[in-house]
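User: Please take a close look at the disulfides of this protein, and say which cysteines are paired and which parts of the chain they tie together.

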Amino acid sequence: MESQHCLSSSPKMLILPLKTQVIPSGSVPRSPNKPPFHHNVSLIVSLTVGTPPQNVSMVIDTGSELSWLHCNKTLSYPTTFDPTRSTSYQTIPCSSPTCTNRTQDFPIPASCDSNNLCHATLSYADASSSDGNLASDVFHIGSSDISGLVFGCMDSVFSSNSDEDSKSTGLMGMNRGSLSFVSQLGFPKFSYCISGTDFSGLLLLGESNLTWSVPLNYTPLIQISTPLPYFDRVAYTVQLEGIKVLDKLLPIPKSTFEPDHTGAGQTMVDSGTQFTFLLGPVYNALRSAFLNQTSSVLRVLEDPDFVFQGAMDLCYLVPLSQRVLPLLPTVTLVFRGAEMTVSGDRVLYRVPGELRGNDSVHCLSFGNSDLLGVEAYVIGHHHQQNVWMEFDLEKSRIGLAQVRCDLAGQRFGVAL
């Protein structure tokens, strides 16, 4: 018998500490419209699932719907959830309304397996896939027990290198789809804040009552009723209207930022992606403006064969002896009603382990979507550091404000 999740005991607000971790690319399924990565820094929350509780750690992904856990222990994936040890674990039959009515926004539709159970397939950036079943169990968050939450219990079959252990047990889908974690919980909003110093943070489910902070600026979520081939209808889509370098708006027509008749060109806020990706014409305008502004203070890496993560081709050589980067121009993403300013060290990203003689390599932390075959603008979590990000589902809007996330954590009693 399929249970309904019970929220009667849950409070109006739940808080979870966040941390960041390098996750091998093969271990996190990415829907086909997501940028593929070799090593991606991900936002992780820790909680317990099942009866008795088992420890799990999950990547927070506002770009995915189905939450899932590795359920098949292998040598390369030691951190798994064992459904046979949980007395509250329940499989979901394919005749269930959950399977038939609530999976329509999955990138790959749910199906029926030989045991008449609801079968889910997750696709990966390297074109491999993982199969499993939809199931439900109790999720323990803080002092709350939430029963009957639906997730995918996945076999860990991957084509990535077996020596790269995945440090997370699964993924917490946070988009607007019917079976996302936040949709199932029924909270009117959720927020997160990532510290820019040690990359810890907090995830807050519910009303934050942020009266102590600077007011949030809101940008509306863009919704379309007609299905279009390239438009993700359950993503957090906002309207990017322009880009400023050193407070000067780049001369790009507003129409460049609007989705076309196929839905290509939407702007998604994605906590499951590390960097920000812009469609070719916009990326090229930003690249040349940034290059002009930095020509006197930074040395460009002249190597046409080096493109960081396949999409970032503006990189610089910085002497290892130079402890501090020069003053860099700020880059501001201008949304309808709100702005996100990327300044200082976050404009450039030091490529781990990349050395040229006595120089380290730093790349512009914006990439070219066209080089990845991604038909969208994607705002990643690297540029959301020290920004309070509120996803207001009730009013269909995203609120943002520059804050010190370590102080925000202290305010909510989370030691970051």
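Analyst: In this predicted model, a good place to begin is cysteine 118, which counts as buried because its relative accessibility is 0%, under the 20% cut-off. Its partner is cysteine 99, and the sulfur atoms of the two lie 2.1 Å apart. Since cysteine 99 belongs to helix α1 while cysteine 118 belongs to strand β7 (residues 118-123), their disulfide ties together parts of the chain that are 19 residues apart in sequence. The link of cysteine 99 and cysteine 118 is right-handed, with 85 degrees about the S-S bond. Cysteine 99 is buried as well, at a relative accessible area of 7%.

A second disulfide is formed by cysteine 94 and cysteine 112, with a distance of 1.8 Å between their sulfur atoms. Here cysteine 94 sits in the loop between β5 (90-91) and α1 (97-101), whereas cysteine 112 is part of strand β6 (residues 111-112), so this pair ties together parts that are 18 residues apart in sequence. The two ends of the link fall into separate classes of accessibility: cysteine 94 is buried, with a relative accessible area of 14%, but cysteine 112, at 43% relative accessibility, counts as partly exposed, because the buried class requires a value under 20% and the exposed class one over 50%.

Further along the chain, cysteine 315 is joined to cysteine 363 by a disulfide whose S to S distance is 2.0 Å. This pair links distant parts of the chain, 48 residues apart, with cysteine 315 in strand β20 (residues 315-319) and cysteine 363 in strand β24 (residues 359-364). The torsion about the S-S bond of cysteine 315 and cysteine 363 is about 100 degrees, and the disulfide is therefore right-handed. Cysteine 315 and cysteine 363 are both buried.

These three pairs are among the five disulfides that the model contains when a pair of cysteine sulfur atoms within 2.5 Å is taken as the criterion. When the bonded cysteines of the protein are numbered in sequence order, the pairing reads 1-6, 2-4, 3-5, 7-10, 8-9.

Methods
Residues numbered from 1 in each chain as written. Predicted model: local features only at pLDDT ≥ 70, side-chain atom pairs only at ≥ 80, totals over all residues. Heavy atoms only, no water. Helix = DSSP H or I, 4+ residues; strand = E, 2+ residues; numbered from the N terminus. Buried < 20%, exposed > 50% of the residue type's maximum accessible area, 1.4 Å probe, protein only.
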